[in-house]
Amino acid sequence: KYSIIGVAMRILTIGESPYILSALSRIHRDMISFMKEKGNTVGAACWNYDTQWFAASDNGEFSYEKDGESVCQVFPFLDISDKASPQLYEIMKKFKPDVVISMSSSDLLPAISSIKSIYPDIFKWAAIVSDGAFPMSKSRKDDLQLADIVIATNQDTYNSVQELCKNVYSVHIPYGADTELFTPKRLPVDGSEDRVEGLFRAVMVCRNDATSNIPAFIRGVAEANKRGSAVEGLIHTDIYDPTLLQEFYDIEQMIEEHGDGCVRMTSSFMSPSDGVSDEKMREIYSDADVVVNCSLSSASGLSALEGMACGCIPMMSPVGAMKDIGLTYNAHGLKATGMTCGANLEACPFIWRDSKEYSVVSSDTIAEAICFWASFKKEEPFEIAKLREVSQTVSGLLSRNVFLKATEEAIAEVLKVKSPLVLEDCK
């Protein structure tokens, strides 16, 4: 097995700020810390950032800190449009990376590929790609042709890369929850008493945008209560600005008008500068019976896997990574209980304005699934306990630690590096 352990390299990570509520942000945060722990010098080029969350030195430079210690220097992107290439070029001139690891949907791939096309041998490029909707665009295909390795976080992305980028080495490595943090212990929220007897809780953790399908969840929970199930819906989301309603939902108003008093927010809306507490997220998941992800597309299904690590039963759209999770969950559930658990909800496929294929779950489908699980919990408590164990097992199989170790081995194999060689020995 190849390994980066003990090899002193300069690694530049490129992605969203590690403080944003998104899978790509979490991957970026984990990759920074993991590569630093392996003895590498790490720099992070970040966008969608707030500088107050990074430590600033007297000379104006920023750094990312973990547990009070500096992990790496941060290079904030001021613009990720057509001005990104010259910015990235200046960052690379300053940092001089041996390896670039990008965690991007598309925004900065053209900037990386343009520099790679001019200086193909200066650095190795590992592109971590998370797509929730297909087909892959021609521009992205052209950019990825210059990568030394493409790491796909779900099966659809991997299939698309294999088909369109035949000359590029690619691997499929799912990204999941930090199972060491999201422990099996089920904790009440905010130190309150355990769940109200007979009350069934469904939690949805998502970004506040149209693809999350938040209205369907709110209406679905309300409809489940009308059908006789005692259900409470919990929503945890990242950002809300009432002056930008064309970009974000006014969820509080939506809950008031359509939630029928049975849906609430788990906390106030957060701005990007508020950060995300993993401990708080664990409490939120641990107080729920099911975790719902009814997004129109999904690159990693991270919220579902985090909830599953806490023992929640998943209810997911059959798209992207969630389709992969559902297949694994159903197989383990069938073995444990003799039933196909139906982790994936029925959905209607459609083509959106970007010509990609999405899938939408209706509020009626959500209501029907919630009613089923609420009734099943009441009638078959021992079977529910088995399925909670299945959730934790599957989350462990698709965990963050498995992803990081497999990613390290894949990148090291491309570099042909074996520990404990130094960089000069590897060239």
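How many helices and strands are there in the protein chain?

**Figure 1. Overview of the predicted model.** The protein chain contains 14 helices and 16 strands. It comprises 427 residues, of which 54% count as buried. When contacts between residues at least 6 apart in sequence are considered, 71% of them join residues at least 24 apart. The exposed area of the protein chain is about 18,400 Å², and carbon and sulfur atoms supply 51% of this area.

**Figure 2. Cysteines Cys46 and Cys348.** The structure holds zero disulfides. Cys46 takes part in no disulfide, and the nearest cysteine sulfur, which belongs to Cys72, lies 7.0 Å away. Because its relative accessible area is 1%, Cys46 is classed as buried. Cys348, by contrast, counts as partly exposed at 45% relative accessibility.

**Figure 3. Strand β7 and its parallel partners.** Strand β7 spans residues 124–129, and five of its six residues are buried, leaving the strand mostly covered. Strand β6 (residues 99–103) runs parallel to β7 and is joined to it by five bridges. Within this pairing, Val99 stands opposite Lys124 of β7. Strand β8 (residues 149–152) also pairs with β7 in the parallel sense, over four bridges. Here Val129 has Ala152 of β8 as its bridge partner. Together with helix α4 (residues 138–144), β7 and β8 form a right-handed β-α-β unit.

**Figure 4. Surroundings of Leu144 in helix α4.** Leu144 has a relative accessible area of 0% and is therefore buried. Leaving out residues up to four places away in sequence, Leu144 touches Leu109, Ala127, Val129, Met136, Val150, Cys165 and Val168. Of these, Val129 is the residue bridged to Ala152 in β8. The C-alpha atoms of Leu144 and Ser113 are 7.4 Å apart, although 31 residues separate the two in sequence.

**Figure 5. Strand β11 between β10 and β12.** All six residues of β11 are buried, so the strand is largely enclosed by the rest of the structure. Val231, Gly233 and Ile235 point one way from β11, whereas Glu232, Leu234 and His236 point the other way. Strands β10 and β11 pair in the parallel sense over six bridges, and Ala202 has Gly233 of β11 as its bridge partner. The chain passes from β10 through α6 to β11 in a right-handed β-α-β crossover. Strand β12 pairs with β11 as well, in the parallel sense and over three bridges. In that pairing, Leu234 is bridged to Arg264 of β12.

**Figure 6. Helix α6 and its cover.** Helix α6 (residues 214–226) has 13 residues and reaches 19 Å from its first C-alpha to its last, close to the 18 Å expected at 1.5 Å a residue. An α-helix has 3.6 residues a turn, so residues three or four places apart point the same way. Which residues of α6 are buried? They are Ile214, Ala216, Phe217, Ile218, Gly220, Val221, Ala222 and Ala224. The elements covering the buried residues of α6 include strands β10 (200–205), β11 (231–236), β12 (263–265) and β13 (290–293), together with helices α7 (251–258) and α11 (363–379). Just after α6, Gly228 adopts a positive phi of about 105 degrees.

**Figure 7. Positive phi at Asn213 and Asp260.** Asn213 is not a glycine, yet it has a positive phi of about 65 degrees. This residue belongs to the loop between β10 and α6. Because its relative accessible area is 10%, below the 20% limit for burial, Asn213 counts as buried. Asp260, also a residue other than glycine, has a positive phi near 50 degrees. Asp260 is placed in the loop between α7 and β12. With a relative accessible area of 48%, Asp260 is partly exposed.

**Figure 8. Surroundings of Ser391 in helix α12.** Helix α12 covers residues 381–397. Is Ser391 buried or exposed? Ser391 is buried, since its relative accessible area is 0%. Neighbours within four places in sequence aside, the contacts of Ser391 are Met308, Gly311, Cys312, Ile313, Pro314 and Tyr329.

Note on methods
Residues are numbered from 1 along each chain as its sequence is written. This is a predicted model: local features need pLDDT of at least 70, side-chain atom pairs count only at pLDDT 80 or more; totals for chains, interfaces and linings use all residues. Side-chain values use heavy atoms; hydrogens and water are left out. Helices (H or I, at least four residues) and strands (E, at least two) are DSSP runs, numbered from the N terminus. Buried means under 20% relative accessible area, exposed over 50%, partly exposed in between (1.4 Å probe, protein chains only). Contact means heavy atoms within 4.5 Å. Accessible areas come from the Shrake-Rupley method with a 1.4 Å probe; for residues, only the protein chains shown count as cover. A disulfide is a pair of cysteine sulfur atoms within 2.5 Å. Two strands pair if DSSP finds at least two bridges between them. A crossover is right-handed if, with the strands pointing away from the viewer, the path from the first strand over the helix to the second runs clockwise. The expected span of a helix is 1.5 Å times one less than its number of residues.
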